Amino acid sequence: MAVVRKNIAAMTSAEKTAFINALWGLKTGSANGRNYNWYIDQHITYFARTNDNISHAHQSPSFFPWHREYLRLLELDLQTVSGNPAVFIPYWDWTGSASPFTADFLGAITNGSVSSGNFSPSWSWTMYRSSIATNFLQRRVGQNASRPTATTVNTVQSYTVYDQSPWNGSVSNSYRNRNEIELHNRVHNYVGGHMATREAPNDPVFWLHHSNIDRLWWQWQNNRGIDTYQPRTGFTAGVIDNTEAMRPFGAGRTPSAVRDINTLGYSYA
């Protein structure tokens, strides 16, 4: 069943509740051999270069496809654990006025912590492999960075080259790198707290943020071409080429395999 990922501003109360309950179900149970903490483990493991000096999740061309596969896997697990094939990962358009940090959604913030309600300790939402010495979900919204503006988003979306050598965070004329630095990193730092760490998926806003990043890549693909991933085949110097498997997703889960969301069973409203 194809699902439509909506802006949080357009979600109904029932859709918010379904998403929250599905996250809770995966945190306390499992689906398809995975639980919520498995996702935190993978983000920590593939955050930077692996032991064999390959970049998967960040500061490399596979930034977009790795997270696309990661989100879709979670979305399928949420549907399984909830028994509801209509559950979707919404997106948070940070240039808009709608906030996910409300009592009825991802939890209101008091003194930098989610101390009551959804995703609080009283709700039994525990931190996993936390580098912050607290059991509270920490957020420091707006203390270390500002949200990207619509102008910034438009500037980033105007880059025409997907990626190029040296395939890392130093590339100046690369859509992947400009998005990763000026939009992706900026929002992680804007939320702060756990979102500014390797174990960022401890905060469920991680998924809403990355859903928006994926949406922007999809819009860019619609303008620049679906099959624009670089580098192409035969490139093995520390980055994933178009036909290499992305870990930990297994054989066949290549950038090429996830280039078109129409084949992955979801779209954006």
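Trainee: How much space lies in the largest pocket?

Mentor: Keep in mind that this is a predicted model, so the figure describes the prediction. In that model, the space in the largest pocket comes to about 300 Å³.

Trainee: Which helix gives the most to the lining of the largest pocket?

Mentor: Start with the lining, which has 18 residues. Those closest to the pocket centre are F47, H58, Q59, E180 and N185. The element that gives the most, with five residues, spans residues 175-191 and is helix α5.

Trainee: And by class, how many residues of that lining of the largest pocket are polar?

Mentor: Let's go through the classes. Five residues of the lining are nonpolar and three are charged. The polar residues in the lining of the largest pocket number ten.

Trainee: Let's turn to the closed spaces. What volume does the largest cavity have?

Mentor: The structure holds two cavities of 30 Å³ or more. The second largest cavity has about 40 Å³ of space, while the largest cavity has a volume of about 50 Å³.

Trainee: Which element gives the largest share of the lining of the largest cavity?

Mentor: The lining is made of F63, F64, H67, R68, L71, H210, I213 and D214. Two elements give two or more residues to it, namely α6 (205-224) and α3 (63-82). The largest share, five residues, comes from α3.

Trainee: What about the second largest cavity: how many of its lining residues are nonpolar?

Mentor: Its lining consists of W217, Q221, I226, D227, T228, Y229, P255 and R259. Two of these residues are polar and two are charged. The nonpolar residues in the lining of the second largest cavity number four.

Trainee: Now for the rings. How many aromatic pairs does the structure hold, and why is the pair of W24 and W123 tilted?

Mentor: The structure holds 28 aromatic pairs. For W24 and W123, the ring centres are 5.1 Å apart and the planes stand at 40 degrees. Planes under 30 degrees apart would count as stacked and planes over 60 as edge-to-face. The angle falls in neither range, so the pair is tilted, at 40 degrees.

Trainee: Where in the chain do W24 and W123 sit, and how many residues apart are they?

Mentor: W24 belongs to helix α1 (residues 13-28), and W123 to the loop between β2 (113-114) and β3 (137-138). The pair therefore links distant parts of the chain, with a separation of 99 residues.

Trainee: Is W24 buried or partly exposed?

Mentor: Buried would require under 20% relative accessible area. Its partner W123 has 21%, so W123 is partly exposed. At 28% relative accessibility, W24 is also above the cut-off and counts as partly exposed.

Trainee: For W38 and Y39, which residue is buried?

Mentor: These two form an edge-to-face pair, 4.9 Å centre to centre with 85 degrees between the planes. W38, at 21% relative accessibility, counts as partly exposed. With a relative accessible area of 0%, the buried residue is Y39.

Trainee: Which residue lies over the face of W38?

Mentor: Charges over rings turn up here too: the charged end of K16 sits over the ring of F105, 5.3 Å from its centre. Over the face of W38, at 5.6 Å from the ring centre, lies R34.

Trainee: Finally, D41: is this residue buried or exposed?

Mentor: D41 is found in helix α2 (residues 36-45). Leaving aside neighbours within four places in sequence, D41 is in contact with Y128 and R129. Its relative accessibility is 18%, so D41 counts as buried.

Definitions and conventions. Residues numbered from 1 in each chain as written. Predicted model: local features only at pLDDT ≥ 70, side-chain atom pairs only at ≥ 80, totals over all residues. Heavy atoms only, no water. Phe/Tyr/Trp six-rings, centres within 6.5 Å; stacked < 30°, edge-to-face > 60°. Helix = DSSP H or I, 4+ residues; strand = E, 2+ residues; numbered from the N terminus. Buried < 20%, exposed > 50% of the residue type's maximum accessible area, 1.4 Å probe, protein only. Lys NZ or Arg CZ within 6 Å of the ring centre and 35° of its normal. 1 Å grid on protein atoms, 1.4 Å probe; cavity = no way out; pocket = protein on both sides within 12 Å on 5 of 7 lines; lining within 4 Å. Points joined across faces, edges and corners; volume = space filled by probe spheres on them. Nonpolar A, V, L, I, M, F, W, Y, C, P; charged D, E, K, R; others polar. Contact = heavy atoms within 4.5 Å.
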